[in-house]
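Student: Could you take me through one part of this model in close detail? I would like to follow a single helix and what its side chains do.

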Amino acid sequence: MNSKNNVLITGATGLIGSFLVMLFLERGHKVYALARRVDNLSAVKRVDRAISFWKQNFDFQSHRKQLVVIEGDLSAVWRIKDFIKKVDSSLEIIHCAAITSLGSSQRYTEK
């Protein structure tokens, strides 16, 4: 990865995804974080909370211009990727999203 590439991270509220969001932000990268809204919590709030797990005093305000939280799920990731690639062809994608419910009948199908 080049020194300042843009990165799209799926599963940005998960254990690994949130750590990577924080790490890339601290290293000066532009981060597109894909996260779902859950109940009354927006994707932005969920990403903020997930990163706070790793670093309680993380300065979100200083990284706001680098962080774009995309509210959605994997069913939209290919359209998002294509849109961002048009804007920036150096985009790297790190896939950390997963269905974590045991016995879940959810399936991903590309549309």
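Tutor: Happily! A polar contact here is a pair of N or O atoms within 3.5 Å, where, within protein, one must be able to donate a hydrogen and the other to accept it. With that in hand, let us look at S18, keeping in mind that this is a predicted model.

S18 is found in helix α1. A polar atom of the S18 side chain lies 2.7 Å from the backbone oxygen of G14. The side chain of S18 also makes a polar contact of 2.9 Å with the side chain of W54. Setting aside neighbours within four places in sequence, S18 is in contact with G11, A12 and T13, and also with A50, I51 and W54. S18 counts as buried because its relative accessibility is 2%, and buried means under 20%.

Now turn to I16, which lies in helix α1 too. I16 has 58% relative accessibility, so it counts as exposed; the cut-off for that is over 50%.

I16 also belongs to a nonpolar patch on the surface, formed together with L15, F19, F53 and W54. The accessible area of these residues together is about 540 Å². Two helices, α1 (15-26) and α2 (43-54), each supply at least two residues of the patch, and α1 gives the largest share, with 3 residues.

W54 ties the two parts of this tour together: W54 is one of the patch residues, and its side chain is the partner of S18 in the 2.9 Å polar contact.

Note on methods
Residues are numbered from 1 along each chain as its sequence is written. This is a predicted model: local features need pLDDT of at least 70, side-chain atom pairs count only at pLDDT 80 or more; totals for chains, interfaces and linings use all residues. Side-chain values use heavy atoms; hydrogens and water are left out. Patches are made of residues with over 30% relative accessible area and no salt bridge: like charges are joined within 9 Å, nonpolar side chains (Val, Leu, Ile, Met, Phe, Trp, Tyr) within 5 Å. Accessible areas come from the Shrake-Rupley method with a 1.4 Å probe; for residues, only the protein chains shown count as cover. A salt bridge is a side-chain nitrogen of Lys or Arg within 4 Å of a carboxyl oxygen of Asp or Glu. Helices (H or I, at least four residues) and strands (E, at least two) are DSSP runs, numbered from the N terminus. Buried means under 20% relative accessible area, exposed over 50%, partly exposed in between (1.4 Å probe, protein chains only). Contact means heavy atoms within 4.5 Å.
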